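Student: Please examine one part of this model closely, with the criteria behind each term stated. I would then like that part placed in the setting of its chain and of the partner chain.

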Amino acid sequence: MKFDLILRVGTKLMLPFILIFAPYVHFHGDYGPGGGFQAGVIIAAAFILYAMVFGLDAAKRIAPQSVIDRLLPVGVLIFAAAGLPAIVSGQGRFLDFGVYGHDFLHAHEWGILIVETGVIVTVASTMLAIFYAFADRGRQ
Amino acid sequence: MTGWEVAADHYNYYVTIFLMVAGLYIVIARGNMIKKLVGLGLFQTSVYLLYLAPGRIIGGTAPIYDKNYEVYSNPLPHVLMLTAIVVGVATLAVGLALVVRISEEYGTIDEDEIFAKDEDQ
């Protein structure tokens with residue numbers, strides 16, 4: 001599909017909107033349907049679309065395998081670290097989101113957002129890792 | 001309520017049962033292993049629907065602390081199905097990996113052809 005003009009131009013038009021839609025779903029997640037899982041899959045879908053149209057090598061130039069492998073545990077660490085500031089500042093116990101702001105509601109919104117950011121990183125990199133594992137087979 | 005109204009009120013269960021039976025039929029009737037996995041996915045989706053539909057309250061919002069809202073949907077089935085979706089993705093990846101291996105070994109992903117090749121050996 002590397003030389004198909006309509007697919008290439010269409011994909012280039014779609015990609016920015018897909019990548020903008022992912023943060024929208026992410027920030028919308030605490031009140032409506034959405035959140036880190038869906039946004040992570042949408043981000044991964046943008047990269048997978050790029051890989052399918054422009055080839056796997058082109059996709060690995062912008063999202064290298066080594067970076068993806070490192071982002072997998074980074075997401076889990078963000079998820080766990082979201083609970084730590086309460087302990088470090090001595091204002092509460094693990095997962096006390098009250099330290100993120102003066103107002104209870106705002107502080108908890110921030111806490112959820114940081115947890116969801118960890119989810120987004122892990123889910124997006126997991127989907128890409130699975131896709132790379134399948135697409136790479138039999139190429140060597 | 002008349003019998004018809006009761007029957008029409010439970011239409012989400014008809015959709016659930018239709019999806020479940022359709023998925024099961026695809027798993028049994030199709031020889032192509034990718035199509036079997038699609039059927040399995042359809043079957044899983046029907047289970048999500050079975051749990052999510054009763055958990056939704058009309059007019060209810062997300063279970064977020066907010067003074068403007070008083071009616072909340074039950075978050076428990078949603079969280080349960082979120083876990084089920086994640087597990088579903090993982091099992092689908094494992095199934096696809098098995099299909100890739102079978103395709104490499106046999107040169108086909110059709111069940112009948114694989115059985116025929118096993119008989120020949």
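Tutor: The account below begins with one helix pair and then widens to the chains.

The model is predicted: local features need pLDDT of at least 70 and side-chain atom pairs count only at pLDDT 80 or more, whereas totals for chains, interfaces and linings use all residues. Residues are numbered from 1 along each chain as its sequence is written, while chains are lettered from A and ligands numbered from 1 in the order in which they are written.

The part chosen is the pairing of helix H2 (residues 36-54) of chain A with H6(A). Helices (H or I, at least four residues) and strands (E, at least two) are DSSP runs, numbered from the N terminus. The two axes come within 7 Å and cross at roughly 35 degrees; such axes are lines fitted to C-alpha atoms, for helices over the stretch in contact, with angles running from 0 to 180 degrees between N-to-C directions. The crossing of H2(A) and H6(A) is right-handed, a label given when the near helix is turned clockwise from the far one by less than a right angle, anticlockwise being left-handed.

Residues are in contact if their C-beta atoms, placed from the backbone, lie within 7 Å. On the H2(A) side the contributors include A:Phe37, A:Val41, A:Ile43, A:Phe47 and A:Ile48. H6(A) supplies, among others, A:Val119, A:Ile120, A:Val123, A:Met127, A:Leu128 and A:Phe131. By class, this contact has 16 nonpolar, two polar and one charged residues. Here Ala, Val, Leu, Ile, Met, Phe, Trp, Tyr, Cys and Pro count as nonpolar, Asp, Glu, Lys and Arg as charged, and the others, Gly among them, as polar.

H6(A) also takes part in the interface between the chains, where seven residues of chain A are in contact with seven of chain B. Three of those on the chain A side come from H6 (residues 104-136), the largest share. That side has five nonpolar, no polar and two charged residues.

The pair belongs to a chain with six helices and zero strands. The radius of gyration of chain A is 18 Å, well over the 14 Å that the globule rule gives for 140 residues, so chain A is more spread out than a compact globule. This radius is taken over C-alpha atoms, and the rule is 2.2 Å times the number of residues to the power 0.38. Along the principal axes, the C-alpha atoms of chain A fill a box of roughly 60 × 30 × 20 Å. Of its 140 residues, 26% count as buried, a class requiring 20 or more other C-beta atoms within 10 Å of a residue's own (exposed: 12 or fewer; partly exposed: in between; C-beta atoms placed from the backbone). Among contacts in chain A between residues at least 6 apart in sequence, 61% join residues at least 24 apart.

Chain B has five helices and zero strands. Its radius of gyration is 20 Å, well over the 14 Å that the globule rule gives for 121 residues, so chain B too is more spread out than a compact globule. Of the 121 residues of chain B, 3% count as buried. Helix H4 (residues 75-106) of chain B has 32 residues and reaches 46 Å from its first C-alpha to its last, close to the 46 Å expected, that span being 1.5 Å times one less than the number of residues. Just after H4(B), B:Gly107 takes a positive phi of about 80 degrees.

Conventions:
Two residues are in contact if their C-beta atoms, placed from the backbone, lie within 7 Å.
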